[in-house]
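This briefing goes through one protein chain, beginning with its sheet and ending with the charged side chains. Please look over the sequence and the structure before reading on.

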Amino acid sequence: SPSHRTGLLGYGRIGRDHDHVRDDTDLELDYAFVCSGKEGLPAAKRLTDPDELADRPVDLCVEAATREAAYLGAPVLAASDPEVA
């Protein structure tokens with residue numbers, strides 16, 4: 001069973017190219033944050049509301065979007081790292 005939950009910020013060309021994250025048997029893709037529906041991404045793995053990130057702690061989050069998505073790091077860290085307030 002996977003031992004690390006992961007998240008992706010973005011699931012466009014960059015996010016879909018992260019096969020090593022999705023296919024590694026030690027990693028489980030918990031979510032991908034997207035602006036809209038994405039082909040090939042199951043609805044249960046799709047987040048579209050930034051507020052939902054605070055409810056989905058992960059061990060690893062890969063930013064796979066434009067730099068405008070950098071603001072999403074704060075809620076990811078707050079949910080995932082008990083040392084971040």
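The four strands of this predicted model make up an open sheet in the order E3-E2-E1-E4, and their pairing is parallel. At the edges of that sheet lie strand E3 (46–47) and strand E4 (60–63), each of which pairs on one side only. The points below take up the sheet, the chain as a whole, and the salt bridges that involve Asp30.

**Strands and fold**

- Along the sequence, the elements of the protein chain follow one another in the pattern β-α-α-β-β-β-α, which comprises three helices and four strands.
- Strand E2 (residues 27–33) runs parallel to E3, and the two are joined by two bridges.
- In this part of the sheet, Phe33 is found opposite Leu47 of E3.

**Burial, contacts and surface**

- The protein chain has 85 residues, of which 31% count as buried.
- When contacts are taken between residues at least 6 apart in sequence, 46% of them join residues at least 24 apart.
- The chain exposes about 5,200 Å² of surface, and carbon and sulfur atoms supply 51% of this area.

**Salt bridges**

- The count of salt bridges in the model comes to two.
- One of them is formed by the side chains of Arg5 and Asp30, with a distance of 3.0 Å from N to O; this pair links distant parts of the chain, since Arg5 belongs to strand E1 (residues 4–9) and Asp30 to strand E2, 25 residues apart.
- The two partners differ in their exposure class: Arg5 is partly exposed, at a relative accessible area of 34%, whereas Asp30 is buried, at 11%, because buried means under 20% relative accessible area.
- Asp30 also forms a salt bridge with Arg56, and here too the closest N and O atoms are 3.0 Å apart.
- Because Asp30 lies in strand E2 while Arg56 lies in the loop between E3 and E4, this second pair ties together parts of the chain that are 26 residues apart in sequence.
- Both members of the Asp30 and Arg56 pair are buried.
- Through shared partners, the salt bridges join Arg5, Asp30 and Arg56 into one network.

Definitions and conventions: Residues are numbered from 1 along each chain as its sequence is written. This is a predicted model: local features need pLDDT of at least 70, side-chain atom pairs count only at pLDDT 80 or more; totals for chains, interfaces and linings use all residues. Side-chain values use heavy atoms; hydrogens and water are left out. Buried means under 20% relative accessible area, exposed over 50%, partly exposed in between (1.4 Å probe, protein chains only). Contact means heavy atoms within 4.5 Å. Accessible areas come from the Shrake-Rupley method with a 1.4 Å probe; for residues, only the protein chains shown count as cover. Two strands pair if DSSP finds at least two bridges between them. A salt bridge is a side-chain nitrogen of Lys or Arg within 4 Å of a carboxyl oxygen of Asp or Glu.
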